[in-house]
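Thanks for making the time this morning. I would like to walk through one model with you, going from its core to its helix packing and then to a few single residues.

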Amino acid sequence: MDLFFNQILAGISTGAIYACMALAVVMIYQAIDHLNFAQGEMATFSTFVSWQLMQWGMSYWAAFVISLVFAFVGGLALERVLFRPLAKAPILTNVAGFIALFAIINSSTGLIWDFTIKQYPTPFGSAPFLGSQLISTHQAGMIGVTLALLLALYFFFQYTRIGLAMRASAALPESARLVGINTGWMVSLGWGMASAIGAVGGMLIAPVVFLEPNMMVGVLLYGFAAAVLGGLSSPLGAVVGGFLVGIMENLAGTYIPGIGNELKLPIALFVIVAVLVVKPAGLFGRPIVKRV
Amino acid sequence: MSAVEEVATEAPAIEAVPKRAMTLGTGTSLVMLGLFIVAPLVVKNFVTFQLTMLLIYGLAVLALNILTGGSGQFSLGQSAFYAVGAYVSAILMETYGVNYALTLPISGILCFVIGFLFGFPALRLSGIYLALATFALAAAMPQLLKLGFLEPWTGGVQGLVIDKPDAPFGLPISQDMWLYYFTLVIAIAIYVASVNLLRSRSGRAFMAIRDNEIAASAMGVNVALYKTLAFGVSAGITGIAGSLGAIVVQFVAPDSFSYNFAIQLFLGMVVGGVGWLPGSIVGAAFIIFVPNISESISKGLSGAVFGVLLFVVIYLVPHGARQVAIVCQQALAKWRKR
């Protein structure tokens, strides 16, 4: 039984990574109705920027804030420059655009900072958390930051004017425009926020998986899976989904014989598909009602 | 998140392509056919090999096109069916000594059945959720092929090596050239069959489901049957493409069938034009040649160059090669009028 609880605890701490990424995925999905495949690479790039700033002698928190601003402005710019012209193109063309962006950022990151693995500092330290061997203070900090982000987003969307405007322009763009909301800027804002949340995720994950250009590929897959599991319309669902995926992955690796590290991802995905077959809109998502 | 009742009046994910716009005219088809027949006579063996791969990838893109462009279902799992086809051929040829040509129908039928069965859980899902489900299949496939107890057949991580078949009846042509014509005949047969399929009752049912599922079922289309059927047909064709791929490359290994391949096939479909079957070959050319071109432009930045080229293509022609074809057609019509 001890092993069981330990594995769940370990699952929660990896789950925090996925939850963070899933939150970013849901954010952008709310704003633009697509899954952004380049999300992970955008986060990696911002993390590298903060690493570079620290190499130049900046303190952790200064680098943190500057790269958050960088990520926000960068996300905004990407939307304005690259994806605004594609707004009227078919959805599948947009998806191809995301894949192109993925290739571009991944390859440029590799060229600028090369592919060697780099250490990345943590602000929380790495001592055991509350005497437990399985969860370090960094991982506890990560869970804390994820939950704080979720709370902040909840208040932003629920209680601020601009949050309300973003929700309106995502739900009913035409009506939102009629009441005077600049829906175009709301989409850009969504990109910027998603990019910044992704950057937070990247900077929290980097001490665990080490910094390298491909570090987010696997994480993003789990992040997508978590977002879909939780239901793409709900940030709370994304966070819960992230923790669930982390726990599932760990338990499958421990209790199902013959599963190496390699089979963890397929197993987790199959469990998610099984859940989706029963609940097609995800655990927390509301089914879309179609008017005929 | 919002308290508003969500009444989605979203546009359909895939545009409605009228079925007549899905094919080429007779004249253009004959010219293309002529080009494909003459091509290997004037180029080197390696180029012939590349052209063969072009046809094979073209088939795989065509299969995805039938599924997505035809019935409006999205799949990121095509690499899994391709892998099954490739392994069926490899195992039958190497372990049981079956003739290579006979392995094609077997893997086609097997993949059809697998795809048809996979279509059932897929019925409950659509859009991005279906993409994730099919993606799970693609992500799992290489790992499944590496499983220990399958190793006597699959050869594990190392994969299998296949002998290259000779030209039959003592024909005085090289192996590469023979495989090219062999593939060409099969590709044409499948292309013609697909065009006819989409023009038939079943094809019209696919398109009705794609354009409006609720309206289609109100018209008496058996939505479940035709959706799963589209999955089956698509998987079957992909399986045959996989078999051909295995025979031509003479090698199968789990890691060549990762989800990256499924993503490439998806890109091929977008570049060729979703729902336009002749575009499949253009898309296949894009995914075979453009990575090489970008590699030759810049080694370190090949990924970035590929991405930029992809952006250029989707900016210029968001509807893929189909758009180019339509523009050409209109220009030709204008020129004729003069």
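What follows is a short tour of this model, with the terms explained as they come up.

Please keep in mind that this is a predicted model, in which local features need pLDDT of at least 70 and side-chain atom pairs count only at pLDDT 80 or more, while totals for chains, interfaces and linings use all residues. Residues are numbered from 1 along each chain as its sequence is written, and chains are lettered from A and ligands numbered from 1 in the order in which they are written.

Let me begin with the core. The largest nonpolar core, meaning a set of buried Ala, Val, Leu, Ile, Met, Phe, Trp, Tyr and Cys residues joined through C-beta atoms within 7 Å, has 197 residues, and those with the most contacts inside it are A22(A), L23(A), V25(A), A225(A) and L59(B). Helix 1 of chain A, residues 2–32, gives the most to this core, with 16 residues; helices here are DSSP runs of H or I with at least four residues, and strands are runs of E with at least two, numbered from the N terminus. Buried means that 20 or more other C-beta atoms lie within 10 Å of a residue's own, exposed means 12 or fewer, and partly exposed is in between, with C-beta atoms placed from the backbone. If we set aside residues up to four places away in sequence, A22(A) touches, among others, G223(A), A226(A), A238(A) and G242(A), where contact requires C-beta atoms, placed from the backbone, within 7 Å.

Now to helix 10 of chain A. How does its span compare with what 1.5 Å a residue would give? The 21 residues of helix 10, 235–255, should span 30 Å, taking 1.5 Å times one less than the number of residues, and its end C-alpha atoms are 30 Å apart, which agrees. Of those 21 residues, 15 are buried, so that helix 10 of chain A is mostly covered. One residue of this helix is M248(A), which is buried with 20 other C-beta atoms within 10 Å and, outside its sequence neighbours within four places, is in contact with A268(A) and V271(A).

Helix 5 of chain A, residues 137–159, packs with helix 10 of chain A at about 165°, with their axes 10 Å apart; axes are lines fitted to C-alpha atoms, for helices over the stretch in contact, and angles run from 0 to 180 degrees between N-to-C directions. The pair is therefore roughly antiparallel, given that angles under 35 degrees count as roughly parallel, over 145 as roughly antiparallel, 65 to 115 as roughly perpendicular and the rest as oblique. This contact is made by T146(A), L150(A) and L153(A) of helix 5 and P235(A), L236(A) and V239(A) of helix 10.

By contrast, helix 3 of chain A, residues 60–83, meets helix 8 of chain A at about 140°, with axes 7 Å apart, and these two are therefore oblique to each other.

Finally, two backbone details. Most residues other than glycine have a negative phi. D114(A), which is not a glycine, has a positive phi of about 50°, and F210(A), also not a glycine, has one of about 70°. D114(A) sits in the loop between helix 4 and strand 1 of chain A and counts as exposed, with 11 C-beta neighbours inside 10 Å, whereas F210(A), in the loop between helix 8 and helix 9 of chain A, is partly exposed, with 13.

Methods:
Contact = placed C-beta atoms within 7 Å.
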